[in-house]
Each structure stands twice: as structure tokens, then as C-alpha cells.
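Q: Please take a close look at one part of this structure. Start from a single residue and work outward to whatever it connects to.

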Amino acid sequence: QVQLVESGGGLVQAGDSLRLSCAASGPEFSFRAVGWFRQVPGKERDFVAGIDSYDGTNTSYSDSVKGRFTISRDNARKMAYLHMNSLKPEDSAVYFCAATRRALALALPPLTRATEYDYWGQGTQVTVSS
């Protein structure tokens with residue numbers, strides 16, 4: 001079983017930066033792809049960024065955050081991060097970390113659909129004021 005705990009959210013001003021952290025517990029973190037999603041009330045959970053399993057060489061971003069956000073992972077610490085720069089009010093949302101089932105034979109690519117992830121954290125609120 002994998003548990004994920006996000007942290008690092010808060011209230012910031014437009015143009016500021018934040019780093020979200022996702023702490024994972026459970027086995028074989030390095031064999032799992034990891035993603036970040038966000039959700040505002042009344043809307044679906046949207047993909048933000050994804051990183052492949054193993055060494056995190058491959059990443060994927062939504063068009064709305066490309067060039068401003070960076071996803072990374074530290075397998076030794078069982079951590080994933082979302083570095084957010086040049087924040088905008090429209091980035092305000094609850095941010096969720098997600099992880100896939102383990103894949104031992106082949107590396108999993110960065111995945112963009114919420115249905116492809118098996119484990120979710122409880123979310124952390126990010127609010128960007130204008």
C-alpha cells in the first residue's frame with residue numbers, strides 16, 4: 001500500500017514561487033510514475049505535471065503550466081516535488097499528488113489521465129492573489 005502526503009501549499013501573490021512536496025510511504029517508489037493534478041470546486045481534477053518511473057528522465061506538463069512549473073523526484077527520499085514559478089491567480093486550486101501501481105519490467109512514462117493513477121494524497125491548497 002502506498003500513502004502520499006502533500007505539503008507546501010499556501011497563500012502567495014501573483015508572480016511568486018512555491019514548491020510543493022509529496023512524501024510517499026510504501027514499497028518501490030522508484031517503480032511508480034508520479035503526477036500532480038489540481039482541482040477547483042465544481043470542476044474536474046486536471047492534470048498539471050507527470051514524471052516517469054525510475055530516474056525521472058521524462059516529464060510532461062499541461063499547456064497552462066509549461067515553462068513555469070517543474071516536476072522532479074528523489075527516489076532515495078521517496079519524495080516528489082512540484083516547483084511552481086510565476087504563479088497566476090488561475091493557478092489557485094487544491095493540488096494533489098498521485099502515484100501509479102508499481103511496474104517492474106518496464107519504466108512507466110509520465111501519465112496524464114487521473115484514471116491511470118492508483119494512489120492519491122489528500123491535497124494541499126494553493127491560493128494566488130492578484
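A: S86 is found in the loop between β8 and β9. The model is a predicted one, and everything below should be read in that light. Although S86 is not a glycine, its phi is positive, at about 50°. Most residues other than glycine have a negative phi. With a relative accessibility of 42%, S86 counts as partly exposed.

The loop that holds S86 also holds D91, and this residue forms a salt bridge with R38, with 2.9 Å between the closest N and O atoms. Side chains of opposite charge can pair when their charged atoms come close. Because D91 sits in the loop between β8 and β9 (93–99) while R38 belongs to strand β4 (residues 34–39), the pair ties together parts that lie 53 residues apart in sequence. D91 and R38 are both buried.

The whole structure contains six salt bridges. Another of them joins the side chains of D63 and K66, at 3.4 Å from N to O; here D63 is exposed, at 69% relative accessibility. A network also exists: R38, R68 and D91 are joined by salt bridges that share partners.

On one side of the loop is β8, and its pairings come next. Strand β8 (residues 79–84) pairs with strand β3 (residues 18–25) in the antiparallel sense, over six bridges. Within that pairing, Y81 of β8 is the bridge partner of S21. β8 also pairs with β7, again in the antiparallel sense and over six bridges, and there A80 of β8 is the bridge partner of R73.

These pairings belong to an open sheet of four antiparallel strands in the order β1-β3-β8-β7. At its edges are β1 (3–7) and β7, each of which pairs on one side only. On average, and ignoring direction, neighbouring strands of this sheet are turned by 15° against each other. At the β1 edge, five bridges join β1 to β3 in an antiparallel arrangement, and V5 stands opposite A23 of β3. The two faces of β1 are unlike: L4 and E6 form the covered one, whereas Q3, V5 and S7 form the uncovered one.

At the other edge, β7 and β8 make a hairpin with four residues between them, and K78 in the turn has a positive phi of about 55°. D74, in strand β7 (residues 69–74), has two links worth noting here. A polar atom of the D74 side chain lies 3.2 Å from the backbone nitrogen of A76. The side chain of D74 also meets that of R77 in a salt bridge, at 2.8 Å from N to O, and R77 is exposed, with 60% relative accessibility. Setting aside neighbours within four places in sequence, D74 is in contact with F29, M79 and Y81.

On the other side of the loop is β9, and this strand, like β8, supplies at least two residues of the largest nonpolar core, as do β3, β4, β5 (46–51), β7 and β11 (124–129). That core has 27 residues, of which W36, V48, F69, L82, M84 and Y95 touch the most other members. In soluble globular proteins, nonpolar side chains tend to be buried together. Y95 has contacts beyond four places in sequence with E6, L20, W36, F37, R38, V48, F69, L82, M84, G123, T124 and V126. R38 thus appears twice in this account, as a contact of Y95 and as the salt-bridge partner of D91.

A second core, separate from this one, has eight residues, including F47, A98, A103 and L111. F47 is also touched by S62, as is V48, not counting residues up to four places away in sequence. S62 is placed in the loop between β6 (59–61) and β7, and counts as buried because its relative accessible area is 14%, under the cut-off of 20%.

One more residue can be set beside S86. Y54, in the loop between β5 and β6, has a positive phi near 65° and is not a glycine. Its relative accessibility of 27% makes Y54 partly exposed, and S86, at 42%, is partly exposed too.

How values were computed. Residues are numbered from 1 along each chain as its sequence is written. This is a predicted model: local features need pLDDT of at least 70, side-chain atom pairs count only at pLDDT 80 or more; totals for chains, interfaces and linings use all residues. Side-chain values use heavy atoms; hydrogens and water are left out. A polar contact is a pair of N or O atoms within 3.5 Å; within protein, one must be able to donate a hydrogen and the other to accept it, and residues adjacent in sequence count only if both atoms are side-chain atoms. Contact means heavy atoms within 4.5 Å. Two strands pair if DSSP finds at least two bridges between them. Axes are lines fitted to C-alpha atoms, for helices over the stretch in contact, and angles run from 0 to 180 degrees between N-to-C directions. A salt bridge is a side-chain nitrogen of Lys or Arg within 4 Å of a carboxyl oxygen of Asp or Glu. Buried means under 20% relative accessible area, exposed over 50%, partly exposed in between (1.4 Å probe, protein chains only). A nonpolar core is a set of buried Ala, Val, Leu, Ile, Met, Phe, Trp, Tyr and Cys residues joined through side-chain atoms within 4.5 Å.
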